Amino acid sequence: MNDKNSCADPCPIARCLAFLGDAWSLLIMRDAHIGLTRFDQFRKSLGIAPTILTRRLATLTEEGMLEKRLYSERPPREEYLLTAAGRDFLPVLVMIGAWGHRYRGEGPLVRIQDVETGEDIKPVAIDEVTGAKIGTRPLRFVLPNDV
């Protein structure tokens with residue numbers, strides 16, 4: 001994490017929200033996952049002001065979610081590609097979408113489908129250690145200095 005966006009809070013949720021906590025950043029990540037890579041594509045999809053988009057793309061690049069790659073030398077043009085960290089963010093976006101379907105689901109909504117089966121997915125968060133669905137068992141947030 002860079003100095004400008006660093007967060008000393010020991011909570012990993014707070015640390016993520018320090019640079020991903022606005023709607024534009026999340027929507028840029030959504031669009032990157034559906035295949036958008038170029039500034040103009042993001043701008044058209046989001047209807048975002050160029051200055052805001054420039055700042056958000058710079059932050060997502062600095063924080064390691066996206067990387068820039070030159071796709072044209074004359075004129076010089078760069079595209080934004082997902083990094084491993086950016087690709088690993090997909091389940092978070094899908095879970096936000098699932099929550100939105102359940103609690104903000106009025107009117108027609110985008111559905112997420114499995115490409116191989118054509119079926120709508122129904123995501124759930126599972127604890128890898130216990131195999132239990134998160135939210136079905138009590139959880140505790142343990143501070144770093146707690147024993």
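## A bridge between a loop and a helix

Let's start with a pair of charged side chains: aspartate 22 and arginine 56 form a salt bridge, and their closest N and O atoms are 2.9 Å apart. Aspartate 22 sits in the loop between H1 and H2, while arginine 56 belongs to helix H4, so this pair ties together parts that are 34 residues apart in sequence. Aspartate 22 is partly exposed, because its relative accessible area is 21% and the buried class covers values under 20%.

Keep in mind as you look around that this is a predicted model.

## The overall layout

Now step back to the whole chain. It has six helices and two strands. Starting at the N terminus, the order of these elements is α-α-α-α-β-β-α-α. Measured out along its principal axes, the C-alpha trace spans about 55 × 45 × 25 Å.

How much of the chain is buried? Of its 147 residues, 22% are buried. The accessible surface adds up to about 11,100 Å², and carbon and sulfur atoms account for 55% of that. As for contacts between residues at least 6 apart in sequence, 39% of them join residues at least 24 apart.

## The two strands

Strand E1 takes in residues 66-73 and strand E2 residues 76-82, and the two pair in the antiparallel sense over seven bridges. Getting from E1 to E2 takes a hairpin of two residues. One of the bridge partnerships links leucine 66 with leucine 82 in E2.

Leucine 82 also has a sequence-distant companion in glycine 35: the two are 47 residues apart in sequence, yet their C-alpha atoms are 9.4 Å apart in space. You'll find glycine 35 in the loop between helix H2 (23-33) and helix H3 (39-46). With a relative accessible area of 46%, glycine 35 is partly exposed.

## Inside the core

Which residues touch the most other members of the largest nonpolar core? In this set of 18 residues, they are Ile28, Met29, Phe42 and Leu66. Several elements chip in: H1, H2, H3, helix H4 (50-62) and E2 each supply at least two residues of this core.

Isoleucine 28 is a nice one to click on. Leaving out neighbours within four places in sequence, isoleucine 28 is in contact with Phe42, Leu46, Leu53, Arg56, Leu57, Leu60 and Leu66. Arg56 may look familiar: arginine 56 is the salt-bridge partner of aspartate 22.

## More salt bridges

The whole structure holds six salt bridges. In one of them, the side chains of arginine 69 and glutamate 79 meet at 2.2 Å, N to O. Arginine 69 is in strand E1 and glutamate 79 in strand E2, ten residues apart. Is each partner buried or exposed? Arginine 69 is partly exposed at 45% relative accessible area, whereas glutamate 79 counts as buried because its relative accessibility is 6%. Arg38 joins Arg69 and Glu79 in a network of salt bridges.

Aspartate 120 and arginine 111 make another salt bridge, with the closest N and O atoms 2.8 Å apart. Aspartate 120 is partly exposed, at 34% relative accessible area, while arginine 111 counts as exposed at 51%.

## A nonpolar spot on the surface

Nonpolar side chains turn up on the outside as well: Ile13, Leu17 and Phe141 make a nonpolar surface patch of about 370 Å². Leucine 17 is part of helix H1, which covers residues 12-20. Its relative accessible area is 51%, so leucine 17 is exposed.

Technical notes: Residues numbered from 1 in each chain as written. Predicted model: local features only at pLDDT ≥ 70, side-chain atom pairs only at ≥ 80, totals over all residues. Heavy atoms only, no water. Patch = residues over 30% accessible without salt bridge, like charges linked within 9 Å, V, L, I, M, F, W, Y side chains within 5 Å. Areas by Shrake-Rupley, 256 points an atom, 1.4 Å probe, with all protein chains shown as cover. Salt bridge = Lys/Arg side-chain N within 4 Å of Asp/Glu carboxyl O. Helix = DSSP H or I, 4+ residues; strand = E, 2+ residues; numbered from the N terminus. Buried < 20%, exposed > 50% of the residue type's maximum accessible area, 1.4 Å probe, protein only. Pairing = 2+ DSSP bridges. Core = buried A, V, L, I, M, F, W, Y, C linked by side-chain atoms within 4.5 Å. Contact = heavy atoms within 4.5 Å.
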